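Subject: Structure handover

Hello,

I am passing the structure on to you, as agreed. Please look through it first; my notes follow underneath.

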Amino acid sequence: ETTAEMQRREQELRDKQEQLVQAGKLATLGELTTGVAHELNNPLNNTGLFVGNAIDLIELGMTDKGQIVRELRQAMQQVRKATEIISHLRTFGRAAPVSREPIPLRQVIERALSLMRQQLRLREIEVTVDLGREEPVVVGNPIQLEQVFINLLTNARDAMADSPRKAIRISGSVGPAIVEVAFADTGDGIPPGLERRIFDPFFTTKEVGKGTGLGLSITYGIINEHGGTISVVSPPGEGATFLIQLPLATPGVG
Ligand SMILES: Nc1ncnc2c1ncn2[C@@H]1O[C@H](COP(=O)(O)OP(=O)(O)OP(=O)(O)O)[C@@H](O)[C@H]1O
Ligand SMILES: [Mg+2]
């Protein structure tokens, strides 16, 4: 094969990967809608209450403008909160050119959790995050890395649907050049022999309409693009643990 041919193929692969990432984002976005509707409900309700108070005060002939302004300022703050939720979703849905920046892993995980919080709470899934005392920073695309954790959270949620104990534990340990994140759940685990296949595109054990089988292949692609690795261990009866290794941002560079 000529070099040009190989380059063309590589570009083709990269384009496909980008399309997969995009398709995955849209699928996740659909799932998130319910949770987000709930998250928005809260600031909107509060806005209504504060504005209502301001109207009451004016109608009652309150001469102290200070109190009215306080109510309105609080309303304003709630509007900002709602706007923030929406703008966050917008960036998530956009096919942004893949930029890279140094980013604390904790921030990535927190953002993914904040989008999933409502869903996890509803199912009484307990989440613990323990990254230790260090603050691992990786170089990457925040949206893509967030997608990785959303995919893992979604899978863990589904795997624990019928589990007596529902818990997700995300722990990190920092080495000289890499950070390893263990993402463990207390779900059904992965049947022996399927540990590799679950990363294949369109491999799913979920009913038609429930899963596309793209989540983990996208996750694999993203981690790979970030110079990392992802694997899974699932001893019988102990749920599944995904292990992610990512290169640390070089101190002083990035
Ligand atoms: N935490 C887990 N515990 C047990 N099985 C899992 C877990 N995560 C993934 N799997 C298995 O791997 C399969 C593939 O996962 P993947 O995320 O790629 O697709 P999906 O979840 O089925 O569909 P999609 O993510 O596209 O909605 C799942 O159908 C499930 O069988
Ligand atoms: Mg999935």
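I begin with the ligand. The side chain of Thr 204 has an N or O atom 2.6 Å from an oxygen atom of ligand 1. For Thr 205, the distance from a side-chain N or O atom to an oxygen atom of the ligand is 2.4 Å. Asn 155 also takes part, with a polar side-chain atom 2.9 Å from an oxygen atom of ligand 1. Taken alone, ligand 1 has 590 Å² of accessible area, and the protein covers 89% of that. Helix 4 (142-159) and helix 5 are the elements that give two or more residues to the shell around the ligand. Please keep in mind that this is a predicted model, and that the distances above are computed from it.

The shell around ligand 1 holds 18 residues, and the closest are Asp 185, Thr 204, Thr 205, Lys 206 and Thr 212. By type, the shell residues divide into eight nonpolar, eight polar and two charged.

Next, helix 5. This helix runs over residues 215-225, and its buried residues are Leu 216, Ser 217, Ile 218, Thr 219, Gly 221, Ile 222 and Ile 223. Just after helix 5 comes Gly 227, with a positive phi of about 75 degrees.

Then the strands. Which strands pair with strand 7? Strand 5 (residues 178-185) does so in the antiparallel sense, and seven bridges link it to strand 7 (residues 241-247). Within that pairing, Ala 184 has Thr 241 of strand 7 as its bridge partner. Strand 6 (residues 229-233) also pairs with strand 7 in the antiparallel sense, over five bridges. In this second pairing, Thr 229 stands opposite Gln 245 of strand 7. Strand 7 is thus a partner to strand 5 and to strand 6.

Finally, the protein as a whole. There are five helices and seven strands, and along the sequence they follow the pattern α-α-β-α-β-β-α-β-β-α-β-β. The protein has 254 residues, and 37% of them are buried. Of the contacts with a separation of 6 or more, 71% are between residues 24 or more positions apart. The accessible surface comes to about 14900 Å², and carbon and sulfur atoms account for 55% of it.

That is what I have for now.

Regards

Conventions: Residues are numbered from 1 along each chain as its sequence is written. Chains are lettered from A and ligands numbered from 1 in the order in which they are written. This is a predicted model: local features need pLDDT of at least 70, side-chain atom pairs count only at pLDDT 80 or more; totals for chains, interfaces and linings use all residues. Side-chain values use heavy atoms; hydrogens and water are left out. Buried means under 20% relative accessible area, exposed over 50%, partly exposed in between (1.4 Å probe, protein chains only). Helices (H or I, at least four residues) and strands (E, at least two) are DSSP runs, numbered from the N terminus. Two strands pair if DSSP finds at least two bridges between them. Contact means heavy atoms within 4.5 Å. Accessible areas come from the Shrake-Rupley method with a 1.4 Å probe; for residues, only the protein chains shown count as cover. A residue is near a molecule or strand if one of its heavy atoms lies within 4 Å of it. A polar contact is a pair of N or O atoms within 3.5 Å; within protein, one must be able to donate a hydrogen and the other to accept it, and residues adjacent in sequence count only if both atoms are side-chain atoms. Ala, Val, Leu, Ile, Met, Phe, Trp, Tyr, Cys and Pro count as nonpolar, Asp, Glu, Lys and Arg as charged, and the others, Gly among them, as polar.
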